Amino acid sequence: VSGRFWEDLVLALVGDQLDYGENICGVVLSIRFNEDIVSIWNRNASDHQAVMALRDAIKRNLKLPHSYVMEYKPHDASLRDNS
């Protein structure tokens, strides 16, 4: 499933299909033993409107249920917990 999500996400980015997509700095798919993680880096963690709009656009593009929970973690928080 993660390969399909990755493909759909990259095509949406290249095709300029995401609201606030210009705020995305990078994406990565990390294949782990127990889970796969798709990480999306955006320019400004304090722009709550852009963060929420990106989340909604990604859910819509990947056809995830509205109730699907996505974790958002600013870069400085990732540095603190080494994630």
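# Briefing: pocket, core and local backbone

S30 is in contact with E35, D36 and I37, leaving out residues up to four places away in sequence. S30 itself lies in strand 1, and its relative accessibility of 18% makes it buried, because buried means under 20%. The model is predicted. The points below cover the largest pocket, the largest nonpolar core, helix 2, and several individual residues.

**Largest pocket**

- The largest pocket holds about 1,200 Å³ of space.
- Its lining consists of 33 residues, and those nearest the centre are I37, V38, S39, I40 and E71.
- Five elements each give two or more residues to this lining: helix 1 (2-14), strand 1 (24-31), strand 2 (36-42), helix 2 (48-61) and helix 3 (75-81).
- Strand 2 provides the largest share of the lining, with seven residues.
- Sorted by class, the lining has 18 nonpolar residues, eight polar residues and seven charged residues.

**Largest nonpolar core**

- Nine residues form the largest nonpolar core: L9, A12, L18, I24, L54, A57, I58, L62 and L64.
- At least two residues of this core come from helix 1, and at least two from helix 2.
- Helix 2 gives the largest share of the core, three residues.
- I58, a member of the core, touches L9, L18, I40 and M70 when residues up to four places away in sequence are not counted.
- I24, another member of the core, is located in strand 1.
- The relative accessibility of I24 is 13%, so I24 counts as buried.
- Outside its neighbours within four places in sequence, I24 is in contact with L13, L18, I40, W41, N42, R43 and L54.
- Of these contacts, L13 is eleven residues from I24 in sequence, and the two C-alpha atoms are 8.6 Å apart.

**Helix 2 and the residue after it**

- Helix 2 has 14 residues and should span 20 Å at 1.5 Å a residue; its end C-alpha atoms are 20 Å apart, so the expected span and the model agree.
- The residues of helix 2 that are buried are A50, V51, A53, L54, A57, I58 and K59.
- Residues three or four places apart in an α-helix point the same way, because there are 3.6 residues a turn.
- Helix 1, strand 1 and strand 2 are among the elements that cover the buried residues of helix 2.
- K63 follows helix 2 and has a positive phi, near 55°.

**Positive phi outside glycine**

- Most residues other than glycine have a negative phi.
- D16 is not a glycine, yet its phi is positive, at about 55°.
- D16 sits in the loop between helix 1 and strand 1.
- With a relative accessible area of 61%, D16 is exposed, because exposed means over 50%.
- K63 is also a residue other than glycine with a positive phi, near 55°.
- The loop between helix 2 and helix 3 contains K63.
- K63 has a relative accessible area of 73% and is therefore exposed.

**Acidic residues of helix 1**

- D8 belongs to helix 1.
- The relative accessible area of D8 is 18%, so D8 is buried.
- D8 is in contact with N61 and L62, leaving aside its neighbours within four places in sequence.
- E7 is placed in helix 1.
- E7 counts as partly exposed because its relative accessibility is 40%, between the cut-offs of 20% and 50%.
- The C-alpha atoms of E7 and L62 are separated by 9.7 Å, and the two residues are 55 residues apart along the chain.

**The segment before helix 1**

- V1 lies in the segment before helix 1.
- V1 is exposed, because its relative accessible area is 79%.
- V1 and P65 are 64 residues apart along the chain, and their C-alpha atoms are separated by 15 Å.

How values were computed. Residues numbered from 1 in each chain as written. Predicted model: local features only at pLDDT ≥ 70, side-chain atom pairs only at ≥ 80, totals over all residues. Heavy atoms only, no water. 1 Å grid on protein atoms, 1.4 Å probe; cavity = no way out; pocket = protein on both sides within 12 Å on 5 of 7 lines; lining within 4 Å. Points joined across faces, edges and corners; volume = space filled by probe spheres on them. Helix = DSSP H or I, 4+ residues; strand = E, 2+ residues; numbered from the N terminus. Nonpolar A, V, L, I, M, F, W, Y, C, P; charged D, E, K, R; others polar. Core = buried A, V, L, I, M, F, W, Y, C linked by side-chain atoms within 4.5 Å. Buried < 20%, exposed > 50% of the residue type's maximum accessible area, 1.4 Å probe, protein only. Contact = heavy atoms within 4.5 Å. Expected span 1.5 Å × (residues − 1).
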